[in-house]
Amino acid sequence: MTDRTKGTAELRGQAERARGQLGATVGDLAARADVRERARARAADLRDRAGAMTVQLRSSAAQAGHAVQGGATRAQYAVEHRAPEPVRRVAQAALRLPRPVLFAGAAVVAAGVLRRRNGGR
C-alpha cells in the first residue's frame, strides 16, 4: 500500500467516525426538541415516585396503628389487673358511655387549671 492509499483510507475512516458522531449529536438534539415525549417521560417518573411514596406512607401508617393498638392493649391490661376498684369502674363506664366520662374528665382538668391559676383557692 502506498502512502497515498493509506492516507485515503485513513481519511475515509475519519469521515465515517465524524458521520457517526454527527448522527448521535443530531439524535440527542432531536430527543431534546421532542417536548411532548420528555413531558410524558417526566410524568411517568413522577407517577412511579408517587406510587412508591404511597406504599411507604401506608406501611408507616400501619406500623403506627399497630403501635397504638399495642399501647392501648397494655393500658387496658394495666387498668383491668392493677388499678384500684374505683378506677376500674370509671374505665368500664368510659367504655360503655364515653361522652359523659370525657365531659367529666374535662371538667376535672378545667377545675384543676383554674385552681392552679388562682393560687390554690
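Helices (H or I, at least four residues) and strands (E, at least two) are DSSP runs, numbered from the N terminus. With that in hand, let's work through some exercises together.

This is a predicted model, in which local features need pLDDT of at least 70, side-chain atom pairs count only at pLDDT 80 or more, and totals for chains, interfaces and linings use all residues. Residues are numbered from 1 along each chain as its sequence is written, and side-chain values use heavy atoms, with hydrogens and water left out.

**Exercise 1. Confidence**

Find which element of the protein chain has the lowest mean pLDDT and which has the highest.

*Solution.* Start with the term: pLDDT is the predictor's confidence in each residue, from 0 to 100. Next, take the whole protein chain: its mean pLDDT is 83, and 94% of its residues reach 70 or more. Then go element by element: α3 has the lowest mean, 79, and α2 the highest, 88. Keep in mind that where pLDDT is low, the predicted coordinates should not be read in detail.

**Exercise 2. Elements and overall form**

Work out how many helices and strands the protein chain has, and set its radius of gyration beside that of a compact globule.

*Solution.* Step one: the secondary structure comes to 4 helices and 0 strands, in the order α-α-α-α from the N terminus. Step two: the radius of gyration is taken over C-alpha atoms, and the globule rule is 2.2 Å times the number of residues to the power 0.38. For 121 residues, a compact globule would come out near 14 Å, but this protein chain has 38 Å. Step three: along the principal axes, the C-alpha atoms fill a box of roughly 115 × 35 × 30 Å. Step four: buried residues (under 20% relative accessible area; exposed is over 50%, partly exposed in between; 1.4 Å probe, protein chains only) make up 1% of the 121 residues.

**Exercise 3. Checking a helix length**

Compare the expected span of helix α4 with the distance between its end C-alpha atoms.

*Solution.* First, the rule: the expected span is 1.5 Å times one less than the number of residues. Helix α4 (residues 98-117) has 20 residues, so it should span 28 Å. Its end C-alpha atoms are 29 Å apart, which agrees. Finally, look just past the helix: α4 is followed by G119, whose phi is positive, near 75°.

**Exercise 4. Salt bridges**

Find the salt bridges in the whole structure, and say how far apart in sequence the partners are.

*Solution.* A salt bridge is a side-chain nitrogen of Lys or Arg within 4 Å of a carboxyl oxygen of Asp or Glu. Side chains of opposite charge can pair when their charged atoms come close. The search finds 3 of them:

- R19 pairs with E16, with the closest N and O atoms 2.3 Å apart. The two are 3 residues apart in helix α1 (residues 3-33), about one helical turn, and R19 is exposed at 52%.
- R42 and D45 meet at 3.7 Å, N to O. Both lie in helix α2, 3 residues apart; R42 is partly exposed at 46%, as is D45 at 34%.
- R89 and E85 meet at 3.9 Å, N to O. They are 4 residues apart in helix α3 (residues 85-96); R89 is partly exposed at 49%, and E85 is partly exposed at 41%.

Why does such spacing suit a pair? An α-helix has 3.6 residues a turn, so residues three or four places apart point the same way.
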